[in-house]
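Work through the exercises below with the sequence and the structure open beside you. Each one sets a task and then reasons towards its solution step by step.

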Amino acid sequence: MIRPRTFKTLLILAAAVAAWELIVRLGLISAIILAAPSDIALAAAKDGFVFARALATTLFEIGTAILIAWTLGVGLGILLGSSHAWAAAAAPVLSSLFAIPLIIIYPLLMAWLGIGALSKIVFGVLSGFFPIALNTIDGVRAVEQRYIVFARSVGATPLQTHARIIFPLALPAIVSGLRVGTGLVVIGVVVTEMLASLGGVGFLISYHRTLFDTGHVYFGMLLALLVAVGVNLALTRLDRRVGSWREQEEA
Amino acid sequence: MPIIEVTSLAKDFRTGGAVVHALADVSFLVEEGRFVTLVGPSGCGKSTLLQILAGLISATRGEVRIAGEPIRAPMPDKIGMVFQDPTLLPWKTALANVEFPLDLRGIDRATRRKRCSELLKLVGLGEFADNYPHELSGGMRQRVAIARGLAPDPRLMLMDEPFAALDEQTRTRMGHDLLEIWEKTRKTVFFITHSLTEAIYLSETVLVMSARPGRILDTIPIEFPRPRELDLIGTERFGRIRNRIWHLIADTPK
């Protein structure tokens, strides 16, 4: 059974796709600029396998970059945040680096690391690292002194204090850093694939654009969009799990 | 042997170029099993003294021995602490908060669960083991903090104005219940407050501290029989003791 609301949503969606198809078919907008839904479906049918392999490449690059960016960002953030002096020294440097449009160093990365997956991963890590580290530092710095005094009074070791008191207290701030940073990792990987690469969804988008295969371009965009939505959905769930006690605490 | 021995203790703080004398020549003894309260005006160095007793900060001069041992660092097995703010971990239930100090020591789940459930019952929160701090009232949170302080079975409980943030009715009730807990456990309690009523009602001995730099002005034995009831606070004798302490603090030239 489909609920009435879901049914209505599907109906609206179907109508939008039909209108879209019609606009292109009637020649109101050139098919080179706007691919009709049928063109996109055709592209998927014709080169679905190529796109699937490209998607696997992209997902691998994004997954690896996320893993490294999270580890480095959170790890370094906790280390720097634990010391007042280090945090004060590092935060302005990290903020300035974050403000630089990182894409300007991509030619260097290509020269050093080639145009394969490695340069995408490194660029993805660089894109995501700064907001994650900065938010982690802020989160750790915001932990109230009374918790540290409590930790000492119950004889917690420095490791226990960090892992079991500071980290959970800083977690909401860390997760908001992860949200921003992970989004930037996805963008970083796809964009560098489009600039110069051997594979991946970004590469296919760029490649088909030069051939005016608009249907293929749109299908690639659709895949990139799905990846971004998927990542965002996972982060929202994480955010909700972590955020629940914090919101209740503040209420 | 006294559980707390404080000898010629002094503490100076350096703030910028100036030196602030927080404590000057403080000496006293506390025998094991007693309930001793330190009263004094705000900012007299009470909390500084407590932090030194807890091994959280070091003294400038003088010596503190806890159970015969000079204190240089916190002694989590000997000293349980309760702060003005309960400082519970918000993502843990009441029971898990009480268990936390034992969890840090690697005590197995079953043992600590059994012990900590009993402690929650002792503080009157047997029904609230699975509630999170945000679901508890201010007084209940402080009860959890007291149970947590008792969890490692320390010999000494240091309490730093634990009821100061509570409303008066809750505060009076908490004091009353704390006495019951103390009578059951007979742990030494060293309690800090700026409320003279609270100090006299709770303790066997009241140490009166001067304004900064903090010194002990007098040690006043409180000889009301136990168990004490709240009506005691309205009696003439109680009032006389309160006046005496009040004058001690007020009449001391700064």
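**Exercise 1.** In what order do the four strands of the open sheet in chain B lie, and is their pairing parallel or antiparallel?

Solution. The model is a predicted one, and in it the order of the strands in this open sheet of chain B is β2-β1-β4-β5, with antiparallel pairing. Next, look at the two ends of that order: β2 (18–30) and β5 (69–70) of chain B are the edge strands, each of them pairing on one side only. Then turn to the pair formed by β1 (residues 4–15) and β2 of chain B, where nine bridges join the antiparallel strands. As an example of a bridge, D12(B) has H21(B), a residue of β2(B), as its partner.

**Exercise 2.** Describe the overall build of chain B, beginning with its helices and strands and ending with its contacts.

Solution. Chain B contains seven helices and ten strands. Its radius of gyration is 18 Å, close to the 18 Å given by the globule rule for 254 residues, so chain B is as compact as a globular protein of that length. Along the principal axes, the C-alpha trace of chain B spans about 55 × 45 × 35 Å. Of the 254 residues in chain B, 41% are buried. Finally, if we take the contacts in chain B with a separation of 6 or more, 71% of them are between residues 24 or more positions apart.

**Exercise 3.** Is D251(B) buried or exposed?

Solution. Begin by locating D251(B), which belongs to the segment after α7 (236–250) of chain B. The next step is to count its neighbours and compare the count with the cut-off, by which a residue with 12 or fewer other C-beta atoms within 10 Å is exposed. Because D251(B) has 8 C-beta neighbours inside 10 Å, it counts as exposed. As for its place in space, D251(B) lies 9.9 Å from S210(B), C-alpha to C-alpha, although 41 residues separate the two in sequence.

**Exercise 4.** Examine the largest nonpolar core, and then the contact between the two chains.

Solution. The largest nonpolar core has 121 residues, and L158(B) and F190(B) are among those with the most contacts inside it. Helix α7 (residues 158–195) of chain A contributes the largest share of this core, 14 residues. Once neighbours within four places in sequence are left aside, the contacts of L158(B) include L50(B), L53(B) and F190(B). Where the chains meet, 15 residues from chain B and 15 residues from chain A take part in the contact. The side belonging to chain B has twelve nonpolar, two polar and one charged residues.

Note on methods. Residues are numbered from 1 along each chain as its sequence is written. Chains are lettered from A and ligands numbered from 1 in the order in which they are written. This is a predicted model: local features need pLDDT of at least 70, side-chain atom pairs count only at pLDDT 80 or more; totals for chains, interfaces and linings use all residues. The radius of gyration is taken over C-alpha atoms; the globule rule is 2.2 Å times the number of residues to the power 0.38. A residue is buried if 20 or more other C-beta atoms lie within 10 Å of its own, exposed if 12 or fewer, and partly exposed in between; C-beta atoms are placed from the backbone. Two residues are in contact if their C-beta atoms, placed from the backbone, lie within 7 Å. Ala, Val, Leu, Ile, Met, Phe, Trp, Tyr, Cys and Pro count as nonpolar, Asp, Glu, Lys and Arg as charged, and the others, Gly among them, as polar. A nonpolar core is a set of buried Ala, Val, Leu, Ile, Met, Phe, Trp, Tyr and Cys residues joined through C-beta atoms within 7 Å. Two strands pair if DSSP finds at least two bridges between them.
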